[in-house]
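Reader: I'm new to reading structures, so let's take this one step by step. I'll ask, and you explain in plain words.

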Amino acid sequence: MSVTDQAFVTLATDDVYCQGALVLGQSLRNHKTSRKLAVLITPEVSSGMRSVLSSVFDEVIEVSVLDSADSVHLALMQRPELGVTFTKLRCWTLTHYSKCVFMDADTLVLCNVDELFDREEFSAAPDSGWPDCFNSGVFVFRPSLKTYRLLLQFAAEHGSFDGGDQGLLNSFFSNWATADIGKHLPFLYNLSSSSVYTYVPAFNHFGRDAKVVHFLGATKPWNYKYNLQTKRVMQDDTTAESFHQLSFLALWWNIYSASILPLLEKLQKMEESESEECKHSFNGVEVTLKKVSPYVASSLPKPELPEQTNDVNPSARSPEELASRANEVAHSISELSIHFIPAKPSPEDERRKWEEGRMDYMGKDAFEHIKKKLDAFLH
Ligand SMILES: O=c1ccn([C@@H]2O[C@H](COP(=O)(O)OP(=O)(O)O[C@H]3O[C@H](CO)[C@@H](O)[C@H](O)[C@H]3O)[C@@H](O)[C@H]2O)c(=O)[nH]1
Ligand SMILES: [Mn+2]
């Protein structure tokens, strides 16, 4: 049964987040969703990436960050830092669907989650950092231009207490914590991979029933490197991921290498590029897929990659098939990574962020980093 007026919706405002959107979309396909898949993109997304997106998603919808036709346009212009946030709100404009489930591009489904469509607007799971707030990485909503306008108006008048859409949505749907338990999605529908740390016994007890993993925080799966031979994520010394986190990261890369990489290679072939690097650059951000290919170095013909299928569940394949596939991929690429060069914020920007309370808790402003600096200063 396919339901055409309901959709999973995600958002990618650049080619980097597109990598996440592709893995999310593929994971939904792998688990045979009966709903449509839609991705919102902004003009910066490259044309190559758009064509890859359209082979995973039913709809690739370009939206602008700010629409001059909106009545609150001027008010929003005063708050340029909320631009990306407002793009997420755009999902309410998808009125050709009666109901949708929004999922962040840094989420991944572990099983079929179509039962989410039995829920009503506004359903979401608690945020692990402040459980009286919901996390806005997974939520059920009903597209409506009226709600959309109210949200924008609310944003223009009140801003967002955390500078992002999560603060804004929590203020807007402010009775979520108390009004209707039916709108509380179980945490298993938005399991933040880092909260596995804070309550290990619960994870050991319930973790096997996890349905959606959310790689929330500053370090995303695409910031890691993946070794295709060992099928493991490569760690650097500054991070200490738990075993479970590493398994979730490996799962992300597993889908990426099995299903997304072949799509990018197809694109590369179309562009008749024989170089070892496939680049997508824009706005100071650069995505590079670096391949170490013996077939490029020698003039041996490159073997055809196996046909792209929707089935990448390892258990659904025979061991021989898996081994031969792993071999083929391992021969053409040994280390997989996605690089990007974020535009460096100026010291003034950094200071303003601190003053506004928007520290990078997970990244450079994390306690251990600050402590390191203090220690260096004191000794
Ligand atoms: O430059 C960006 C940044 C974000 N996104 C999209 O917006 C989502 C949210 O951003 P993300 O980096 O995933 O934020 P989180 O680390 O998950 O942080 C939290 O805070 C965000 C801002 O309030 C909320 O959107 C998240 O749901 C919440 O989990 C992403 O998944 C993407 O879909 C982009 O497309 N481009
Ligand atoms: Mn997220």
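**Metal, ligand and a few odd spots**

Reader: Which label fits the site of the manganese ion (ligand 2), with its 6 donor atoms?

Author: The angles among the 6 donor atoms of the manganese ion (ligand 2) run from 57 to 172°. Donors are N, O and S atoms within 2.8 Å of the metal (3.2 Å for Na, K and Ca), and water isn't among the atoms, so sites may look incomplete. Four donors are tetrahedral if all angles lie between 85 and 135 degrees; four are square planar and six octahedral if opposite donors are over 155 degrees apart and all others between 65 and 115, and anything else gets a third label. With its spread of angles, this site is irregular.

Reader: What should I know about the model and its numbering before we go on?

Author: Residues count from 1 along each chain as its sequence is written, while chains are lettered from A and ligands numbered from 1 in the order in which they are written. Side-chain values use heavy atoms, without hydrogens and water, and local features need pLDDT of at least 70, side-chain atom pairs count only at 80 or more, and totals for chains, interfaces and linings use all residues, since this model is predicted.

Reader: Which residues coordinate the manganese ion (ligand 2), and at what distances?

Author: In sequence, the donor residues follow the spacing D-x1-D-x107-H. They are Asp104 (OD), Asp106 (OD), Asp106 (OD) and His214 (NE2), at 2.2 to 2.3 Å.

Reader: Are aspartate 104 and aspartate 106 buried or exposed?

Author: Buried means under 20% relative accessible area, exposed means over 50%, and partly exposed is in between (1.4 Å probe, protein chains only). Aspartate 104 is at 16%, so it makes the cut. Aspartate 106 has 4%, so it counts as buried.

Reader: Moving to the other ligand, which element gives the most residues to the shell around ligand 1?

Author: A residue is near a molecule or strand if one of its heavy atoms lies within 4 Å of it, and by that rule 21 residues surround ligand 1, with Leu11, Thr13, Tyr17, Asp165 and Gly217 the closest. Helices (H or I, at least four residues) and strands (E, at least two) are DSSP runs numbered from the N terminus. With 3 residues, the top giver is β7.

Reader: How do the residues of that shell divide into nonpolar, polar and charged?

Author: Ala, Val, Leu, Ile, Met, Phe, Trp, Tyr, Cys and Pro count as nonpolar, Asp, Glu, Lys and Arg as charged, and the others, Gly among them, as polar. For ligand 1, the split is 6 nonpolar, 8 polar and 7 charged.

Reader: How much of ligand 1 does the protein bury?

Author: Some polar side-chain atoms sit by its oxygens: one of lysine 88 at 2.8 Å, one of asparagine 135 at 3.0 Å and one of serine 136 at 3.1 Å. Accessible areas come from the Shrake-Rupley method with a 1.4 Å probe, and for residues only the protein chains shown count as cover. Ligand 1 alone exposes 650 Å², and the buried part of that is 81%.

Reader: Which side chains make polar contacts with the side chain of asparagine 135, one of them at 3.3 Å and another at 2.9 Å?

Author: Asparagine 135 lies in strand β7, and its 4% relative accessible area is why it counts as buried. A polar contact is a pair of N or O atoms within 3.5 Å; within protein, one must be able to donate a hydrogen and the other to accept it, and residues adjacent in sequence count only if both atoms are side-chain atoms. The 3.3 Å partner is glutamine 166. The 2.9 Å partner is asparagine 190.

Reader: How many of the residues of α6 are buried?

Author: Asp165, Gln166, Gly167, Leu168, Leu169 and Asn170 are the buried ones there. That leaves α6 mostly covered, and the count is 6 of its 8 residues.

Reader: Which two residues does a cis peptide bond join?

Author: Look in the loop between β5 (107-109) and β6 (123-126), where phenylalanine 122 sits. Omega is about 0° for the bond between glutamate 121 and phenylalanine 122.

Reader: What is the phi of lysine 32, a residue that is not a glycine?

Author: Lysine 32 lies in the loop between α1 (15-30) and β2 (35-41). At 61% relative accessibility, it counts as exposed. Its phi is positive, at about 55°.
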